[in-house]
2 protein chains.
Amino acid sequence: MNQSKRYLDIVRDLRDMIRQDNIRPGDRIPSERELAETLQVGRSTIREALRSLELLGLIETRRGEGTFLADHRNNMLVEVLSTFILQDNQSQKDVRETRQMHELAAIQAICADRTISQMGIWDGFRMRLSEEENGFQREDFVRELMVLSGNRLSLKIWVLLHKYSGNPYNGTVSKAEKERLLNILAAIEQQETDKAAQEFKTWSDGLLKERLRNDS
Amino acid sequence: MNQSKRYLDIVRDLRDMIRQDNIRPGDRIPSERELAETLQVGRSTIREALRSLELLGLIETRRGEGTFLADHRNNMLVEVLSTFILQDNQSQKDVRETRQMHELAAIQAICADRTISQMGIWDGFRMRLSEEENGFQREDFVRELMVLSGNRLSLKIWVLLHKYSGNPYNGTVSKAEKERLLNILAAIEQQETDKAAQEFKTWSDGLLKERLRNDS
DNA sequence: GGTTATTTGTTCGTATGTATC
DNA sequence: CGATACATACGAACAAATAAC
């Protein structure tokens with residue numbers, strides 16, 4: 001009958017209470033002891049619910065003062081969670097664009113940093129491009145760019161978006177692509193940011209069009 | 001330094017423990033009593049941290065069995081969230097940089113689209129900037145730019161990052177800022193992409209420095 | 001400025017439901 | 001079945017921060 005997690009019931013009760021009493025952001029919520037009394041649960045249980053909501057950023061507690069509804073103009077966490085999973089056509093387009101946004105930003109970050117843009121690793125790329133046997137994986141190339149940008153959060157977001165954007169980098173580079181990639185590498189080494197980004201974008205867009213043509 | 005909110009320290013400790021011991025999704029986490037023993041805190045504090053992570057979907061607890069790292073195969077948001085809910089210094093820097101990355105991309109997208117960049121809405125901005133009574137909210141300005149970019153996914157990510165990046169846009173625009181914002185608007189209307197992006201970046205970086213100075 | 005009441009922060013002991021062996 | 005390990009839950013107690021007087 002009863003769910004085996006009372007603190008989740010408290011979370012629900014708190015939401016209902018906030019709606020029913022029309023508690024606005026910044027307003028104070030009844031104290032922990034008061035809530036324990038009215039909801040007929042222990043104070044520890046109340047605290048588990050409050051701490052959870054606090055980590056989510058929904059409430060704010062100040063020692064000696066009380067608990068307050070967070071000043072969140074846009075609290076879309078739950079909505080974001082649901083809409084992330086529902087993928088319509090517009091969402092897929094957004095995913096592709098956002099993924100490429102992160103890629104271009106990574107290239108710009110690399111070009112801006114002399115110690116990275118002129119490191120010896122690019123020779124390693126060229127070596128691997130030359131080995132025709134294995135076939136150089138497009139995906140590895142882009143991922144290493146993301147890693148080199150140094151922004152781990154951006155890398156993480158990119159990995160997620162890449163999974164959901166139809167994997168345009170699947171496969172190995174052709175001879176024509178090889179030339180283009182070498183151009184991109186040269187531009188990066190010369191710190192020609194705009195040129196590097198533009199060349200990359202052209203390459204990426206071309207792969208995407210090819211991918212969409214094959215799917216239809 | 002971190003005297004208050006010990007459960008947040010526990011959240012951090014748990015992340016480190018999971019990384020160090022290489023705990024994979026589905027694996028079991030040490031029991032509450034065991035954690036309380038090793039981390040030298042009360043069991044209630046451990047529970048507050050665990051309940052918070054559970055509500056986020058990062059862990060899963062089963063009565064009589066134990067606590068397990070959540071198996072989040074189909075939930076990409078959870079991974080994004082976990083990256084910056086469990087924050088270290090590098091993560092905070094990444095969050096700020098990634099947020100600005102989305103903002104600059106939004107401006108570039110707006111400039112690239114003639115129908116948007118030359119719409120009448122910019123006059124609305126100027127009107128609201130002129131009304132000195134209310135005080136124009138910086139946050140609203142940036143958010144509307146994100147909305148106008150037309151990428152809903154980028155907007156959602158921005159909303160999330162904005163919450164966790166120290167809210168640099170808190171407050172209203174000063175007279176000096178007003179001039180700068182008008183310059184940005186003019187550059188957008190003229191489709192001067194680079195200038196608009198550069199002006200915006202200068203403005204944003206300035207706010208961030210001010211924010212960091214006040215915090216210390 | 002000092003005192004007191006209120007509130008959150010934290011710990012501990014105890015009891016109970018549940019799964020595993 | 002019993003024994004054990006674990007999560008769930010309660011409530012008392014004290015510490016620390018804050019507000020009101």
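**Exercise 1. The residues around strand D**

Find which residues come nearest to DNA strand D.

*Solution.*
Step 1. Near means that a heavy atom of the residue lies within 4 Å of the strand. DNA strand D has 25 residues around it, and K5(A), R6(A), T45(A), R63(A) and R43(B) come nearest.
Step 2. Turn to the DNA side. Of the strand D atoms within 4 Å of the protein, 70% are sugar and phosphate.

A note on the model. It is predicted: local features need pLDDT of at least 70 and side-chain atom pairs pLDDT 80 or more, while totals for chains, interfaces and linings use all residues; side-chain values rest on heavy atoms, without hydrogens and water. Residues count from 1 along each chain as its sequence is written, while chains are lettered from A and ligands numbered from 1 in the order in which they are written.

**Exercise 2. Polar contacts to strand D**

List three residues with an N or O atom close to a phosphate oxygen of DNA strand D, and give each distance.

*Solution.*
Step 1. A polar contact is a pair of N or O atoms within 3.5 Å; within protein, one must be able to donate a hydrogen and the other to accept it, and sequence neighbours count only if both atoms are side-chain atoms.
Step 2. Start with side chains. K5(A) places a side-chain N or O atom 2.6 Å from a phosphate oxygen. For the side chain of R51(B), the distance is 3.2 Å.
Step 3. Add the backbone. G42(A) uses a backbone N or O atom, 3.1 Å from a phosphate oxygen.

**Exercise 3. The surface near strand D**

State which helices and strands each supply at least two residues of the surface near DNA strand D.

*Solution.*
Step 1. Helices (H or I, at least four residues) and strands (E, at least two) are DSSP runs, numbered from the N terminus.
Step 2. Chain A gives helix 3 (43-55); chain B gives helix 2 (32-39), helix 3 (43-55), strand 2 (59-62) and strand 3 (66-69).
Step 3. Sort the residues. Asp, Glu, Lys and Arg are charged; Ala, Val, Leu, Ile, Met, Phe, Trp, Tyr, Cys and Pro are nonpolar; the others, Gly among them, are polar. The surface holds 15 charged residues, nine polar and one nonpolar.

**Exercise 4. Strand C**

Describe the residues around DNA strand C and their contacts.

*Solution.*
Step 1. 25 residues surround strand C, with R33(A), R43(A), R6(B), G42(B) and T45(B) closest.
Step 2. Sugar or phosphate makes up 64% of the strand C atoms within 4 Å of the protein; bases make up the rest.
Step 3. Take two phosphate contacts. The side chain of R47(A) has an N or O atom 3.0 Å from a phosphate oxygen. For a polar side-chain atom of R28(A), the distance is 3.5 Å.
Step 4. R63(B) meets a sugar or linking oxygen instead, at 3.4 Å from a polar side-chain atom.
Step 5. Helix 3 of chain A gives the largest share of this surface, three residues. By type, the surface has 14 charged residues, 10 polar and one nonpolar.

**Exercise 5. Salt bridges**

Work out where E54(B) and E103(B) find their salt-bridge partners.

*Solution.*
Step 1. Side chains of opposite charge can pair when their charged atoms come close. A salt bridge is a side-chain nitrogen of Lys or Arg within 4 Å of a carboxyl oxygen of Asp or Glu. The count over all chains is 37.
Step 2. E54(B) pairs with R51(B), with closest N and O atoms 3.4 Å apart. Both sit in helix 3 of chain B, three residues apart, about one turn.
Step 3. Buried means under 20% relative accessible area, exposed over 50%, partly exposed in between (1.4 Å probe, protein chains only). E54(B) is buried at 13%, and R51(B) is buried at 3%.
Step 4. E103(B) meets R99(B) at 2.8 Å, N to O. Both lie in helix 5 of chain B, four residues apart, about one turn. E103(B) is buried at 2%, and R99(B) at 1%.
Step 5. Widen the view. A salt-bridge network links K5(A), E48(A), E32(B), R43(B), R47(B), R51(B) and E54(B).

**Exercise 6. A buried charge**

Which side chain of opposite charge is nearest to D94(B)?

*Solution.*
Step 1. D94(B) lies in helix 5 (residues 89-112) of chain B.
Step 2. Lys and Arg count as positive, Asp and Glu as negative; His and chain ends are left out. The nearest opposite charge is R152(A), 4.0 Å away; D94(B) is buried yet has no salt bridge.
Step 3. Contact means heavy atoms within 4.5 Å. Leaving out residues up to four places away in sequence, D94(B) touches G150(A), N151(A), R152(A) and L153(A).
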